[in-house]
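This report walks through one protein chain, from its overall form to single residues. Please keep the sequence and the model in view while reading.

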Amino acid sequence: MPGLACYFSNNKVDNALFNKMVDSLQHEDFHKVDTYSDPNFACARIHLGIFNPESQPVFNEDKSICVFIEGKIYGYEAELDNLKNEGYKFIKENDAEFCLNSYIKYDKDFIKKLNGNFVIAIYDSKSKKVIIANDRFGFRVHYYYLDKDKLLLTPEIKAILCDESFKKELDKIGVCQYFAFGEFWGTNTFFQNINLLPPASILTYDGNRLCLEKYWELKYAPDYDKTEDEYSDELVKALHESVERRMKPD
């Protein structure tokens, strides 16, 4: 399944385990894989080569920050122009470079304004931390596992199960949720200690502390002063804008 496979540790990355994880996720010959690793961080992007086909990760000038993104971000052209005018450097002007320069300027707060469906991994080697974020509705499902010395993130649980040190114990609440509703609620999965990354999440891990921040929540606040025709007009307008936004990229 396309997505990001990440491995972050204060100790040295187990490259054999990481490669095994990536291999388990590459189901088709046409799947493309971009990889990067250093002593403490490894990440692979398994993708179709359609959105953001350029190789990843992208780096800042001193290569202390690297960014992977799988998915697509929409409607950031004006902000990209602002960043360029302020001297931030772009080569491909794609989603990954936009996220990189936005992170340099705004830190992780830039994620809260993104429009699209995506999962992002940012590795900041100077701060010794990794940041994982997804879109508001969690369109690209990912799971994470934290033990005493490493954080693993993958789009399929079976990649985490490649870690032979992982103790497989059923999460009874997760099992009940899935059989009752056909999906997991919250962070539960079939396994204890393997967690679903919830929608609209920013996960930050520095090797000692994991912080999971929810940056957006759907709120329904109807305006009963509007007529049915006014609601219909607003809905059609929003649909047209959404389609137009998504027709701009190739």
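The text below covers the chain as a whole, its strands, one pocket, and then some local backbone and side-chain details.

**Overall form**

The model is predicted, not an experimental structure. The chain holds six helices and 12 strands. Its radius of gyration is 19 Å, close to the 18 Å that the globule rule gives for 250 residues, so the chain is as compact as a globular protein of that length. The C-alpha trace spans about 60 × 50 × 40 Å along its principal axes. Of the 250 residues in the chain, 44% are buried.

**Strand pairing**

In general, strands of a sheet pair through backbone hydrogen bonds, either parallel or antiparallel. An open sheet in this model has six strands in the order β4-β5-β6-β7-β11-β12, and the pairing is antiparallel. Its edge strands are β4 and β12 (210-214), each of which pairs on one side only. Inside this order, β5 (residues 65-73) and β6 (residues 116-124) are joined in the antiparallel sense by nine bridges. Opposite Ile69 stands Ile120 of β6.

Strand β1 (residues 3-9) is mostly covered, with seven of its seven residues buried. Which strands does β1 pair with? One is β3 (residues 41-47), which runs antiparallel to β1 and is joined to it by six bridges. Within β3, Arg45 is the bridge partner of Leu4. The other is β9, again in the antiparallel sense, over four bridges. Here Leu152 of β9 stands opposite Tyr7.

**The second largest pocket**

The second largest pocket has a volume of about 360 Å³. Its lining consists of 18 residues, and those nearest the pocket centre are Phe59, Asn60, Lys89, Glu97 and Leu100. Both β4 and α3 supply at least two residues of this lining. Helix α3 gives the most, with four residues. By type, the lining divides into eight nonpolar, five polar and five charged residues.

**Backbone features in loops and at a helix end**

How is the peptide bond from Gln56 to Pro57 arranged, and what is its omega? The bond is cis, with omega near 10°. Pro57 lies in the loop between β3 and β4 (58-59).

Positive phi values occur at several places. Gly182, which follows α5, has a positive phi near 80°. Glu93 and Asn193 have positive phi values too, although Glu93 is not a glycine and Asn193 is likewise a residue other than glycine. The table sets out these two residues.

| Residue | Phi | Loop | Relative accessibility |
|---|---|---|---|
| Glu93 | about 55° | between α2 (77-85) and α3 (95-106) | 38% |
| Asn193 | near 80° | between α5 and β10 (194-196) | 48% |

Buried means under 20% relative accessible area and exposed means over 50%. Glu93, at 38%, therefore counts as partly exposed. Asn193 is also partly exposed, because its relative accessibility is 48%. The loop that holds Glu93 leads to α3, the helix that gives the most residues to the lining of the second largest pocket.

**Aspartate side chains**

Is Asp147 buried or exposed? Its relative accessibility is 17%, which is under the 20% limit, so Asp147 counts as buried. Asp147 is found in the loop between β8 (143-146) and β9 (150-154). A polar atom of the Asp147 side chain lies 2.9 Å from the backbone nitrogen of Asp149. The side chain of Asp147 also makes a polar contact of 2.8 Å with the side chain of Lys150. The strand that follows this loop is β9, which pairs with β1.

A further aspartate sits at the start of helix α5 (residues 172-181). There, a side-chain oxygen of Asp171 comes to within 3.1 Å of the backbone nitrogen of Ile173. After α5 comes Gly182, with the positive phi already noted. The loop between α5 and β10 also holds Asn193.

Note on methods:
Residues numbered from 1 in each chain as written. Predicted model: local features only at pLDDT ≥ 70, side-chain atom pairs only at ≥ 80, totals over all residues. Heavy atoms only, no water. Buried < 20%, exposed > 50% of the residue type's maximum accessible area, 1.4 Å probe, protein only. Polar contact = N/O pair within 3.5 Å; in protein donor to acceptor, adjacent residues only side chain to side chain. Pairing = 2+ DSSP bridges. 1 Å grid on protein atoms, 1.4 Å probe; cavity = no way out; pocket = protein on both sides within 12 Å on 5 of 7 lines; lining within 4 Å. Points joined across faces, edges and corners; volume = space filled by probe spheres on them. Nonpolar A, V, L, I, M, F, W, Y, C, P; charged D, E, K, R; others polar. Rg over C-alpha atoms; globule rule 2.2 N^0.38 Å.
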